[in-house]
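Work through the exercises below with the sequence and the 3D structure at hand. Try each task before reading its solution.

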Amino acid sequence: MPAGTLAAPPAPTAPAATGGWLVRRGSRLPAWLLAVLALGCLAVLAALPALVSQADTQLLVNFFVLLVMSVMWNLLAGYAGMVSIGQQAFIGLGAYGVLVLAMNGVPTIASIPLAALVAAVISLPVSLVVFRLRGGYFAIATWVVSDTAMLVISSVSAIGGGTGHAVPGLASLSPRAFGRVTYYAAFVVVVLAVGGAYALLRSRLGLVLAAVRDDEIGARSAGARVLRARRVVFVVAALGCGAAGALLAVSQLQVQATAVFSVQWSAEMIFVTLIGGIGTMEGPILGTIVFYLLQQNLANEGAWYLIIFGTLAVAIAIWAPKGIWGTLERRLGLSLFPLTHRVGPVAGTSRPPRSPGRPTPHVERGPGAGARSGP
Amino acid sequence: MAPLLQLSGLQKRFGEVRIADGLDLELEQGAAVGIVGPNGAGKTSLFGLISGDLRPDGGDVRLDGRAVNRLDAASRCRLGLGRTYQVPRPFEGLTVFENVLLAAQQGAGTRGRESHAVALSSLDRTRLSPDANRPAGSLGLLARKRLELARALATRPRLLLLDEVAGGLTDPEVRELVEIVRAANAEGMTVLWIEHVVRALVATVSRLVCLAGGTFVADGPPQEVLESDAVRAIYLGSTVAVAT
Ligand SMILES: Nc1ncnc2c1ncn2[C@@H]1O[C@H](COP(=O)(O)OP(=O)(O)OP(=O)(O)O)[C@@H](O)[C@H]1O
Ligand SMILES: [Mg+2]
């Protein structure tokens, strides 16, 4: 600790301990339980291709793709306050990235991260333009960017123009091997997307996003660089959506501009995020699960399928505006992806400092105790 | 050495209301200065101009000799300018500790355990430690005002702008607050404090300015300023205005 800085705190005594207080991240569920749950989920997902049919594997890939998209949209809209309806721009760029790379002999699987990176790099100049606008104008601008990208790309005949192009490379695999390859590629992308989003929200940047969500002016005057935080999220979301688009290209072995640049993707990611619970890590995951369960059970009902989705969206908007998880979380007070900091005494095991009413005038031991009684 | 804060020819108006009409002010390093003035004089707006929330129509704000006109509020904070808001702006969904942690990480540029230490230390100074884990949204007005102070302190400012942090406090609470601010000032923090609770100011500052009609109508030792004709006329004027 540099001497002479204002309000310099006393040197910490124990690991993660600060002047008698310990800062932990957590929820009501113990960390080991959450870790076991996470590992259990990963193990089940890793084993699934051996347990389910070929068709189900393909379905799971589509599930993963939508999951990645909604996790990204949730970062944008739920945490950074940027309602984009143009994320299909980066889905399309990711898909075409895979196509172009594969056509140039890059191994298809290796092309997924590269294509995602291309989408992320392109999102930087895009952010310079769309960040000039706010709210509804921002949303429309993202859509315009996406349609522009689609028009430009479908005018290039070397990559199929408007009719699309097959992705070379994986077609020679047996259906079974192909199913496995695409499944594990999608699985890795999901783990990175969910893990990355969680890591981002736990970082200093995540705290900035949470503060800005509550009071932007207050956050700025406390030193938070809001524009920078938003830009990072925008690029991360482009990276994620680019990866999702790359997965689409790989799993469908075909890229067609109006399909990959379709605003339908935005509609779906918004829908699942809202029903699951916007602004929570769990929301988009739960929402995507609900979406796929409904879709599987209603696929034969024709138009009813759309009517039921619409009704569900309206019902949730009215009675549970925080979505399914948001409502559950408030009732149960638990979190599977804890972000909250908890301050507790170092020696004590359980009770964090808590007072029933007004602040008490005295604290027996605190970090600043040494700061004022210095030499 | 350049003054820590220098305002020169600062201009700002909202429509017909003149907030700043060519304001000049210099604050030496380590000074403690109070600002008084009638309601609506533009004291809070002046803090907005200094901290970067508001853009001046003309004139300069210099921090440590450096013109900061083109810098946003976050950059000014990172240069060592901490402020509180008269109407508190807590991050309601975060805990009290996290409110202050944000300031320690962003404003003071600390990370990891050091940021925890800075945050805990400023909670301790403001006697908010017992509330560390409470959601800031559940705090009452007085605790919110303390949190404003804690957050500003956690940015480790060289210049601390306080906007009516003593309003509504009981006598012992005012004394406690004065003690906190004096301690910060004694460590070298420069303080500029807007306050209607004059006894808190008098106990803390060595210089008082009075803002009215877009200019500083008085400037000097607290007692002299409070007894000056200009200040008496203004406060008398506002009393009459209220009475009629
Ligand atoms: N953003 C704004 N737009 C228009 N007018 C404003 C704005 N902010 C403040 N004002 C007006 O400017 C004047 C000065 O307001 P300000 O809050 O700065 O006064 P103040 O001296 O802090 O008053 P008080 O002692 O009541 O806190 C008021 O008449 C107010 O209505
Ligand atoms: Mg004011």
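**Exercise 1. Find where R127(B) lies, then describe its backbone and its burial.**

Solution. Step 1: R127(B) sits in the loop between α4 and α5 of chain B. Helices are DSSP runs of H or I with at least four residues, strands are runs of E with at least two, and both are numbered from the N terminus. Step 2: the model is predicted, so local features need pLDDT of at least 70 and side-chain atom pairs count only at pLDDT 80 or more, while totals for chains, interfaces and linings use all residues. Residues are numbered from 1 along each chain as its sequence is written, chains are lettered from A and ligands numbered from 1 in the order in which they are written, and side-chain values use heavy atoms, leaving out hydrogens and water. Step 3: R127(B) is not a glycine, yet its phi is positive, about 60°. Most residues other than glycine have a negative phi. Step 4: the relative accessibility of R127(B) is 11%, so this residue counts as buried. Buried means under 20% relative accessible area, exposed over 50%, and partly exposed in between, with a 1.4 Å probe and protein chains only.

**Exercise 2. Do the same for R156(B).**

Solution. Step 1: R156(B) belongs to the loop between α5 and β7 (159-163) of chain B. Step 2: its phi is positive, near 50°, and the residue is other than glycine. Step 3: R156(B) has a relative accessible area of 16%, so it is buried.

**Exercise 3. Locate S122(B) and list its contacts beyond its sequence neighbours.**

Solution. Step 1: S122(B) is part of helix α4 (residues 112-125) of chain B. Step 2: a relative accessible area of 2% makes S122(B) buried. Step 3: contact means heavy atoms within 4.5 Å. Without neighbours within four places in sequence, the partners of S122(B) are V100(B), A150(B), L153(B) and A154(B).

**Exercise 4. Which protein atoms are donors of the magnesium ion (ligand 2)?**

Solution. Step 1: donors are N, O and S atoms within 2.8 Å of the metal (3.2 Å for Na, K and Ca); water is not among the atoms, so sites may look incomplete. Step 2: the protein donors are OG1 of T44(B) and OE1 of Q86(B), 1.9 to 2.1 Å from the ion. Step 3: T44(B) is in helix α1 (residues 43-51) of chain B, and Q86(B) is in the loop between β6 (81-83) and α3 (96-106) of chain B; the pair is 42 residues apart. Step 4: T44(B) is partly exposed at 32% relative accessibility, and Q86(B) is partly exposed at 30%.

**Exercise 5. Describe the largest nonpolar core.**

Solution. Step 1: a nonpolar core is a set of buried Ala, Val, Leu, Ile, Met, Phe, Trp, Tyr and Cys residues joined through side-chain atoms within 4.5 Å. Step 2: the largest core has 123 residues, and those touching the most other members include M69(A), F90(A) and F97(B). Step 3: helix α2 (residues 54-79) of chain A gives the largest share, 16 residues. Step 4: a second, separate core has 30 residues, among them L169(B) and V178(B).

**Exercise 6. How many disulfides does the structure hold?**

Solution. Step 1: a disulfide is a pair of cysteine sulfur atoms within 2.5 Å. Step 2: over all chains, the number is zero. Step 3: for two cysteines, check the burial: C41(A) is partly exposed at 48% relative accessibility, whereas C210(B) is buried at 0%.
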